[in-house]
Amino acid sequence: MTIRSLRPYIIAVLLTLPGVGLRFMDHAGMSPIVVALLSGIAILGASFLLTWACEVAQMDIPQAVAVAVVAFIAVLPEYAVDMYFTWMAGQQPESAYSHYAIANMTGANRLLIGVGWSAIVLLFASRFHKGVHLPDDKRTDVLFLGLATLYALCIPLKGSLTWVDGLVLLGVYIWYICIVARRPVEEEEPEGPAAVLARFAKKVRLRSVIAIFLFAALVILCNAEPFSENLVASGKLLGVNEFLLVQWLAPIASESPEFIIAIMFASRGNASLALGSLLSSKLNQWTLLVGMIPGVYAISSGGLTPPINLDTHQFQEILLTAGQSLFAVALLVDLRLHVREAFWLLVLFLAQLLSPLYDAQLEALLGLPHDPLRLHFFYAKVYIVLAIVLLLKNWRKVRDLRLGFKV
């Protein structure tokens, strides 16, 4: 064991120290931009540590525990920020915190598919000249992502996000876990920084992984509040829509390690593993993350009623996210993601992301009154229509998804 082999861990820990230091000093006089940057970098460093530790942890704990617990720990950074906003929304029901919670959740979900999935396929195709084929066992992930998405489409239609919705989505995830946890363990050799830990003796390895989990979780919990609050304050200070900052900038800090590792696998030719991991993350976020929001809100507010305070904009965000998810499921019913399909995932994502830059001009050209949600609804309909066409065209593959229920 050399210092050089531990360099990634040392760098990741160093990234966390300024953010941890903020917790023990008075930073009231500091610029919110600086605080948001330091705490965001700390979350980024902790996210890398969690990613490596999760990869190694699966060598030493039972499969059922690995699937359920490690999957949750891996996305703890995303959960911490979103649950902070949700908790504050329960404390202050009429505030904008509930809007920030939905912004963070929908942004993370759309980034995973629009950027993560498409980047893996396009990078892999640029080197190996073909799309990505998922293993048959990933049919279960596609199936349960489809089930969760169909239910999520009902949320904006009925106009509420309640504890019942949370129970249904959590139930979908538990059902999924009960299937995959009973499958045989597939031995996978950790790569990169994770391989350093994997070479330790079992007892030392297990203690090291637990120590990393505890340290990274502590860093994330310490920085969730300053990062979230100062990100919003930075938006107000810079005159930038804080909703958009929370929606797109916050998930980047928590999702980057997963993206980087997935892209690394794709560049080495193991794109099916990379895409499969991001598919599982999408299912995790679309069930556990969304499902926990109404529960955390209910605990914070002290009751199951009224439901979390959302307006038309937030329900349009959920509809757009569900539409993109349904389109992605339709593309993956044959367990393949081709280059042209990845291209359209990226193009539609960018078109929607950049819509605030051209929506007013487009409406003026068409002689329509300005409606900031018009293109949200338009792209949601585009996603849903394309998904329906693909699902009808590939109905035999859709029928085969039932095999995903099998252990």
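These legends describe close-up views of a predicted model. Local features need pLDDT of at least 70, side-chain atom pairs count only at pLDDT 80 or more, and totals for chains, interfaces and linings use all residues. Residues are numbered from 1 along each chain as its sequence is written, and side-chain values use heavy atoms, without hydrogens and water.

**View 1. Helix α10 covers residues 242-267.** Helices are DSSP runs of H or I, at least four residues, numbered from the N terminus. The 26 residues of α10 should span 38 Å at 1.5 Å a residue (1.5 Å times one less than the number of residues). The end C-alpha atoms are 35 Å apart, which agrees. Of the 26 residues, 19 are buried (under 20% relative accessible area, 1.4 Å probe, protein chains only).

**View 2. α10 bends by about 55° at Glu 255.** The bend is the angle between axes fitted to the seven residues ending there and the seven starting there. Pro 257 follows within four residues. After α10 comes Gly 269, with a positive phi near 100°.

**View 3. Phe 144 and Trp 175 form an aromatic pair.** The whole structure holds 16 aromatic pairs (Phe, Tyr or six-membered Trp rings with centres within 6.5 Å). Here the centres are 5.2 Å apart and the planes stand at 85°, so the pair is edge-to-face (over 60 degrees). Phe 144 lies in α6 and Trp 175 in α7, so the pair ties together parts 31 residues apart in sequence. Phe 144 is buried at 0% relative accessibility. Both residues belong to one aromatic cluster with Tyr 173, Tyr 176 and Phe 405.

Note on methods: Helices (H or I, at least four residues) and strands (E, at least two) are DSSP runs, numbered from the N terminus. Buried means under 20% relative accessible area, exposed over 50%, partly exposed in between (1.4 Å probe, protein chains only). Rings of Phe, Tyr and Trp (its six-membered ring) pair if their centres lie within 6.5 Å; planes under 30 degrees apart count as stacked, over 60 as edge-to-face and the rest as tilted.
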